[in-house]
Amino acid sequence: MYEFLATASELLFKDANVLLKLREWFFSQAGNILLALIIFFVGRYIIRWIKNVAVRVMTRANYDTAAMGFVSQIINYVLLVGLLLICLNQVGVPTTSFVAAFGAFGLGIGLALQNNMSNLASGLLILIFKPFRAGHYIEVGDITGSVTSIQFMNTIVTTRDQKRVYIPNSILTSQSVTNYSYMTERMIPFVFDIGYNNDHHEAIRILKDVFDKDKRILNAKYMEIGISEFGDNSVRISAFAEVKTSQFLEVRYSIMSDVKDAFDKHGIDIPYPQRVVYIQHADTSTDEIKETKKKVTTTNQEI
């Protein structure tokens, strides 16, 4: 650094022509320099005003704090670079080469960091359009969990078994994302199997009683409930219970337990998978083949 200053001072003070040229340039451009300084300070005030207006607009639109800070910084730096180019052009410095250099530099950086730039842009889109927020329960592919944090490159999701999964933001903007928390109310789809020998009218009445007794069910009086399918081993009854999103799992677990108790109390069977096996054996006295039928109740049992 010392050698650089020594060389510069030697060049300036030993060569009178350099000092003369600098003085002539300064006096010839004095008006432009003054005007450039005025433009710079006024421009800085305008940039701050624009940034504050953008922050107020985003605050009214309920944008996340991270999104507001990121967008306001982008606005500040983009406008500042434009202001500097205007000031340099005012004092006679050609800015075309600067613009070309910045463009080439930006292109090179963009190509080198293509994936990162994609994640960055996707993170900005997520923060602006808010398909989900921190604390929301989402599902992306085979990953389901609560959003812990939305960062510029990744979104952190904590699963139910307490795993922290870092998902690139570009995946979240290119795939389907299921947000279970955006709606204040949700429907719980229930499917109950009863045996063919049971009275389905009584089973539906029992189910309605169970739903009516649970005050957390919002649509108990007008719930959609009825036979949805005749299965291989059972009659399937479907019901759709409306609950608050925050109570989804606790209501589901509670209703399943209450229905099991009610079915047991009233003798409603919840059938297992069944197979009918025909066994043939030969009668040695008459040489006749006799056939008997046996119903076997199985789950994954091989016969």
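Two residues are in contact when heavy atoms of one lie within 4.5 Å of heavy atoms of the other. The model on display is predicted, and the tour below begins with a residue to which this criterion applies.

**Stop 1: Asp 214**

Select Asp 214, in the loop that connects helix H8 (200-213) with E7. Is this residue buried or exposed? Its relative accessibility is 9%, and because the cut-off for burial is under 20%, Asp 214 counts as buried. Now display its surroundings, leaving aside neighbours within four places in sequence: Asp 214 is in contact with Ser 254 and Ile 255.

**Stop 2: the sheet E6-E8-E7**

Next, select strands E6 (185-194) and E7 (224-230), together with strand E8 (residues 235-244). They make up an open sheet of 3 strands, in the order E6-E8-E7 and with antiparallel pairing. E6 and E7 stand at the edges; each has a single partner strand, so one side of each is left without a neighbour in the sheet. On average, neighbouring strands here are turned by 25 degrees against each other, direction ignored.

Follow the pairing of E6 with E8 first. These strands run antiparallel and are joined by 10 bridges. Within this pairing, select Val 191 and look across to E8, where Ser 238 stands opposite.

Then move to E7 and E8, an antiparallel pair joined by 6 bridges. Which residue of E8 is the bridge partner of Phe 230? It is Val 235. A hairpin of 4 residues leads from E7 to E8.

**Stop 3: helix H9 over the sheet**

Add helix H9 (residues 248-266) to the selection. This helix lies across E6 and E8, and its direction makes an angle of about 25 degrees with E6. Also select Arg 186 and Phe 248: the charged end of Arg 186 sits over the ring of Phe 248, at 3.8 Å from the ring centre.

**Stop 4: aromatic pairs**

Show the aromatic side chains next. The whole structure contains 4 aromatic pairs. One of them brings together Tyr 137 and Tyr 180, with ring centres 6.0 Å apart and planes at 50 degrees, so the pair is tilted. This pair links distant parts of the chain: Tyr 137 belongs to strand E1 (residues 137-140), whereas Tyr 180 is in the loop between strand E5 (177-179) and E6, 43 residues apart. Tyr 137 has a relative accessibility of 22% and counts as partly exposed; Tyr 180, with a relative accessible area of 22%, is partly exposed as well.

Turn now to Phe 190 and Phe 192, which form a stacked aromatic pair with 5.6 Å from centre to centre and 10 degrees between the planes. Both Phe 190 and Phe 192 are buried. Add Phe 211 to the selection: ring pairs link Phe 190, Phe 192 and Phe 211 into a cluster.

With these rings still displayed, a general point about strands may be kept in mind. In a regular strand, side chains alternate between the two faces of the sheet.

**Stop 5: Val 42 in helix H3**

Finally, select Val 42, which lies in helix H3 (residues 30-60). How exposed is Val 42? With a relative accessible area of 43%, Val 42 is partly exposed. To end the tour, draw a distance from its C-alpha to that of Leu 83: the two residues are 41 residues apart in sequence and 9.9 Å apart in space.

Methods:
Residues are numbered from 1 along each chain as its sequence is written. This is a predicted model: local features need pLDDT of at least 70, side-chain atom pairs count only at pLDDT 80 or more; totals for chains, interfaces and linings use all residues. Side-chain values use heavy atoms; hydrogens and water are left out. Two strands pair if DSSP finds at least two bridges between them. Helices (H or I, at least four residues) and strands (E, at least two) are DSSP runs, numbered from the N terminus. Axes are lines fitted to C-alpha atoms, for helices over the stretch in contact, and angles run from 0 to 180 degrees between N-to-C directions. Buried means under 20% relative accessible area, exposed over 50%, partly exposed in between (1.4 Å probe, protein chains only). Rings of Phe, Tyr and Trp (its six-membered ring) pair if their centres lie within 6.5 Å; planes under 30 degrees apart count as stacked, over 60 as edge-to-face and the rest as tilted. A charge sits over a ring if NZ of Lys or CZ of Arg is within 6 Å of the ring centre and within 35 degrees of the ring normal.
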